[in-house]
Amino acid sequence: MRALMIAAVAALALPAVAHAQEAPAAGSWSFAVGAGTDNRSKDASKSDGDAYAFGEARWTNASGFFYAGPSFQTIRSSSGSDLEAAVDAGIRPEIAGFDVDLNAKYKWQVDAIDGYDADSWEFTGKISRSIGPAKARLTVQYSPDSTGSSKAWTWVEGRVGWDFTNKLSGTAAIGRREQENSVDYTGWNAGMTYAVTRDLDFDLRYYDTDANVPGPQYASALVGEVTFSF
């Protein structure tokens with residue numbers, strides 16, 4: 001696993017170093033904090049249907065090609081942890097008119113009980129395109145070993161969106177998750193995002209899955225979320 005970590009970081013860092021020779025070395029930090037009525041990831045709840053808070057700090061180089069930084073989010077886990085921390089890095093090249101985002105993230109659950117597999121790596125590739133107000137994105141994610149008893153998983157999601165005004169946009173997405181030693185399911189969501197101010201966004205979104213599992217983790221939910229960026 002450690003060799004995989006090193007290889008992933010190197011794969012992201014080497015293109016960034018080469019690109020840095022063509023662009024100024026200076027970069028900038030950005031920050032975001034927020035809260036929502038449910039912590040949804042891949043259309044499933046990570047907070048057992050309860051409200052959550054999150055935050056991130058991100059450094060981006062001057063050209064916008066390379067980025068990295070830490071983040072946190074509150075969760076409700078069988079490990080006994082109520083907090084997930086993470087650090088990630090990525091590159092954002094443009095290829096044939098498409099925006100590409102390649103990312104490696106290391107995550108761990110803080111204060112998990114002894115013996116619980118509380119950390120994991122997650123690798124993400126996104127390709128997106130915007131034409132006028134229309135936009136589309138394909139996301140592929142993979143983890144070689146998830147937290148807890150779950151092992152490797154993949155997530156593939158397609159998303160489409162439309163900018164109705166410079167403040168209001170809507171998106172809808174459908175994805176499929178295949179997991180070793182856990183539930184395979186299809187999930188979907190649709191919602192609207194409104195820019196209350198330049199720095200404050202409000203998102204209202206409906207989530208659902210086809211997983212026939214009791215409890216709020218895979219159940220349908222209408223989720224409100226507010227994000228403040230600075």
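Start by selecting S47: with a relative accessibility of 2%, this serine counts as buried. You are looking at a predicted model, so read every distance on this tour as a value computed from predicted coordinates.

**Stop 1: around S47**

Show the loop that runs between β3 (44-45) and β4 (52-61), and you will find S47 there. Display side chains next. The side chain of S47 makes a polar contact of 3.0 Å with the side chain of D38. The S47 side chain also reaches the backbone nitrogen of N39, again at 3.0 Å. To see the surroundings, add I75 and R76 to D38 and N39: these four are the contacts of S47 once neighbours within four places in sequence are set aside.

**Stop 2: the whole chain**

Zoom out for a moment and switch to a cartoon. The chain has one helix and 15 strands. Of its 230 residues, 39% are buried. Among contacts with a separation of 6 or more, 45% link residues 24 or more positions apart. If you turn on a surface, its accessible area is about 12,300 Å², with 60% of that belonging to carbon and sulfur atoms.

**Stop 3: the nonpolar core**

Which residues form the largest nonpolar core? Select A44, W153, W155, Y185, A211 and Y218, the six residues that make it up.

Now centre on W155. Beyond its neighbours within four places in sequence, W155 is in contact with K42, D43, T139, V140, Q141, G175, R176, R177 and Y185. Y185 is also one of the core residues, and K42 will come up again at a salt bridge with E122.

**Stop 4: S143 in β10**

Move to strand β10 (residues 134-143), where S143 is located. Is S143 buried or exposed? Its relative accessible area is 0%, so S143 is buried. Follow its side chain to the backbone oxygen of W121, which it reaches at 2.7 Å. Leaving aside neighbours within four places in sequence, the contacts of S143 are S120, W121, K151, A152 and W153. W153 belongs to the core you selected at the previous stop. For a C-alpha measurement in your viewer, try S143 to F123: the two are 20 residues apart in sequence and 6.3 Å apart in space.

**Stop 5: A85 in β6**

Select A85 in strand β6 (residues 83-91). A85 has a relative accessible area of 13%, and is therefore buried. Add S71, F72, Y106, K107, W108 and V110, which are its contacts outside the four neighbouring places in sequence. The C-alpha atoms of A85 and K107 are 5.8 Å apart, although the two residues are separated by 22 positions in sequence.

**Stop 6: salt bridges**

The whole structure holds 11 salt bridges. Three of them are worth a visit.

Begin with E122 and K42, whose closest N and O atoms are 3.5 Å apart. E122 sits in strand β9 (residues 119-131) and K42 in the loop between β2 (40-41) and β3, so this pair ties together parts that are 80 residues apart in sequence. Both E122 and K42 are buried.

Next, pick E157 and R137, a salt bridge with its closest N and O atoms 3.7 Å apart. Because E157 is in strand β11 (residues 153-163) and R137 in strand β10, the pair ties together parts 20 residues apart in sequence. E157, at 11% relative accessibility, counts as buried, whereas R137, at 22%, is partly exposed.

Then go to R198 and D199, whose side chains meet at 3.8 Å, N to O. R198 is exposed, with a relative accessible area of 81%, while D199 is partly exposed at 28%. To finish this stop, select K42, K107 and E122 together: salt bridges that share partners join them into one network.

**Stop 7: a nonpolar patch on the surface**

Bring the surface back and colour I174, W188, Y194, V196, F202, L204, Y206, L222 and V226, which make a nonpolar patch of about 810 Å². The elements giving two or more residues to this patch are β13 (185-195), β14 (200-209) and β15 (221-229). Which strand gives the most? The answer is β14, with three residues. End on Y194, which lies in strand β13 and counts as partly exposed at 39% relative accessibility.

Conventions:
Residues numbered from 1 in each chain as written. Predicted model: local features only at pLDDT ≥ 70, side-chain atom pairs only at ≥ 80, totals over all residues. Heavy atoms only, no water. Core = buried A, V, L, I, M, F, W, Y, C linked by side-chain atoms within 4.5 Å. Buried < 20%, exposed > 50% of the residue type's maximum accessible area, 1.4 Å probe, protein only. Contact = heavy atoms within 4.5 Å. Helix = DSSP H or I, 4+ residues; strand = E, 2+ residues; numbered from the N terminus. Areas by Shrake-Rupley, 256 points an atom, 1.4 Å probe, with all protein chains shown as cover. Polar contact = N/O pair within 3.5 Å; in protein donor to acceptor, adjacent residues only side chain to side chain. Patch = residues over 30% accessible without salt bridge, like charges linked within 9 Å, V, L, I, M, F, W, Y side chains within 5 Å. Salt bridge = Lys/Arg side-chain N within 4 Å of Asp/Glu carboxyl O.
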